[in-house]
Amino acid sequence: MRVRVTARAACLLGLAVVSAACVGTQGQKPPARRPNVETATFPSEWTYQPGRTAPSAPNGMVASNCALATKAGVDILRAGGNAVDAAVAVGFALAVAYPEAGNLGGGGYAVLQMADGRTAALDYRETAPGGATPGMYIGRDGKPTDQSLIGHRASGVPGSVAGLLALLDKYGSMSRAQVIAPAIRLARDGVVVDEILRTSIAENADLIKRFAGAALFLPGGGPPAVGSRLVQADLAATLTRIADNGAAGFYKGAVADAVVREMRHGGGIMTAGDLASYAPAWRDPLKGSYRGFGLLAMPPSSSGGGTVIETLNILETYPEVPAWNSALALHRLASAFQRAFVDRNNSLGDPAFVRMPIDRMTGKAYAQTLRSGISDAKATPSSALKPISEGSETTNYCVVDRLGNAVGITTTINSLYGSGVWIPGGGFFMNNEMDDFTVQPGTPNQFGLVQGEANAIAPGKRMLSAMAPTIVLDPAGKVWMIVGGRGGPRIITAVVQAIVNAIDYRMPLADAVGAPRIHDQALPDVLEYEKGGVPADVVRALEAKGWKTRPAGTGSLTAIKRARAGSAQRWEGLFDPRKHGLAEGY
Ligand code: DON
């Protein structure tokens, strides 16, 4: 049995077929045929049935994985701050109240469009320390060790503090002190531990207890009790130094000394010089389009934007959209993912180190070439796909303000609680982002990604990411949707499906995000689907086409979308029902 998606939002997209006035449309006319929204049905076994409502508000909206951080952002918006001020406040608040992924010791990516039309992308990904070498995680037996994931050698040089402050400097309107104040308060006065925080700490206790954070996060050997207050005095002091001195308050002086001391103590390789020389990189967002809508997406060193755009370009070559969740729709979707991931895994890396065919990869002509190799009858084994050649625990949040300034940010320390290393005197966890490099060609990383030479370890290099904060623009170029997520490569496939659900199937935001998803990353050569999300007869039909299938998890998203209530505009916000969080507006 299948359950119909309500057509509440169908009216929104009456304007989807328009001339290509949006960014990056490269002269391609959007197809004339639109799918019938009544064909979108959810299997009755699926947990998140259609019809849930997303919170909405007329002026501005913040959606994040952490209620306290969302509230910090909304307070800034109410106080007259713009979306960037609020996003920076959310970022610092996440570092306190959401320690599994919010961070000072990690990095991230931001994509933004200001109401005056300016667009930007900021890459504040971690970099490999100067002492890093390609073989540093290969043991004497020739096999990868666990040091890229756990302990002092797993960390790249953190970028979050420099990144958030660069965003504030260039596009914010408030002072450092104003936007960091909520985080300082949360650290100094304490966060009241709720069930989400207690469970998160309990589930990661084996990692946390190996390092200095144990005393704070596992008082008496176990997680703090629900209702107790988690006061983080070292972190409050670090945040105060950042508020007073800017990036130098973190990358130099007492905090940097504390990082270097802890690294030496645990056999890490990060030096004072590595910290002092860290700089985020401003980049032009990748610009693409999908059926008349514009896309602003993150360029390398993240693979997120390029892979999202390449996939959508392939799907756009089909003028007719098949019934949602049908064998044909999932076959085409997985075939598109598979091809985009082959290119991603083999060709992308840090633009400061490798030349990449990113323009060709995200172009409409290349999508046509790839499409000509897809048969509707049969799956192609990933081993038969050639990568593009050139002529030669993460958290996402979205903010929009009353002027229409919009920011999407994904930030991470990679695994939950990163490398486990917590900096005494600094008060924060360090990332284990080094595992995102190609540690050994042919060997999968923790997400099962098999990557190439373009992503080999080198001093100062940024490791390839899958983070994909994405802004979708309506055909008039106005912000229509902001979406991003967590889950390594599953971020990319989740973002694509939310966009496809919203545009092709006209689903309201709650359904576009809550709908079951599939995942294919080329290697392992398996089409994954969420349990209960794809009917058994559709799974059988996919297997008959040659797909190996298995039930598995997906990423989780946060998103904001413009909706209409009568003639008035409202912002709907949502955290993925698969995870926790809060979307709130004013
Ligand atoms: O940059 C990346 O692609 C990964 N470090 C992201 C990790 C992630 O999403 C973990 N989420 N739960």
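The exercises below, each with a worked solution, concern a predicted model.

**Exercise 1.** Describe how helices H12 and H15 pack, and state which residues meet.

*Solution.* Two packed helices are described by the angle between their axes and the distance between the axes. Step one is to locate the helices: H12 covers residues 304–316 and H15 covers residues 364–372. Step two gives the geometry, an angle of about 65° with the axes 8 Å apart. The crossing of H12 past H15 is right-handed. Step three lists the contact: Glu 310, Asn 313, Ile 314 and Glu 316 of H12 meet Lys 364, Tyr 366, Ala 367 and Leu 370 of H15. Sorted by class, this contact comprises 4 nonpolar, 1 polar and 3 charged residues.

**Exercise 2.** Determine how many residues surround the ligand, and identify polar atoms that approach the ligand from Arg 125, Glu 433 and Gly 487.

*Solution.* The ligand is surrounded by 15 residues, the closest being Glu 393, Thr 394, Asp 436, Ser 465 and Ala 466. Next, consider the oxygen atoms of the ligand: one is 3.1 Å from a side-chain N or O atom of Arg 125, and a backbone N or O atom of Gly 487 lies 2.9 Å from an oxygen atom of the ligand. A nitrogen atom of the ligand lies 2.7 Å from a polar side-chain atom of Glu 433. Finally, the ligand taken alone exposes 340 Å², of which the protein buries 98%.

**Exercise 3.** Locate the cis peptide bonds that lead to Ser 301 and Pro 524.

*Solution.* Most peptide bonds are trans. The bond from Pro 300 to Ser 301 is cis, with omega near 25°; Ser 301 belongs to the loop between strand E11 and H12. The bond from Leu 523 to Pro 524 is also cis, with omega near -5°, and Pro 524 sits in the loop between strands E16 and E17.

Definitions and conventions
Residues are numbered from 1 along each chain as its sequence is written. This is a predicted model: local features need pLDDT of at least 70, side-chain atom pairs count only at pLDDT 80 or more; totals for chains, interfaces and linings use all residues. Side-chain values use heavy atoms; hydrogens and water are left out. Axes are lines fitted to C-alpha atoms, for helices over the stretch in contact, and angles run from 0 to 180 degrees between N-to-C directions. Helices (H or I, at least four residues) and strands (E, at least two) are DSSP runs, numbered from the N terminus. A crossing is left-handed if the near helix is turned anticlockwise from the far one by less than a right angle, and right-handed if clockwise. Contact means heavy atoms within 4.5 Å. Ala, Val, Leu, Ile, Met, Phe, Trp, Tyr, Cys and Pro count as nonpolar, Asp, Glu, Lys and Arg as charged, and the others, Gly among them, as polar. A residue is near a molecule or strand if one of its heavy atoms lies within 4 Å of it. A polar contact is a pair of N or O atoms within 3.5 Å; within protein, one must be able to donate a hydrogen and the other to accept it, and residues adjacent in sequence count only if both atoms are side-chain atoms. Accessible areas come from the Shrake-Rupley method with a 1.4 Å probe; for residues, only the protein chains shown count as cover.
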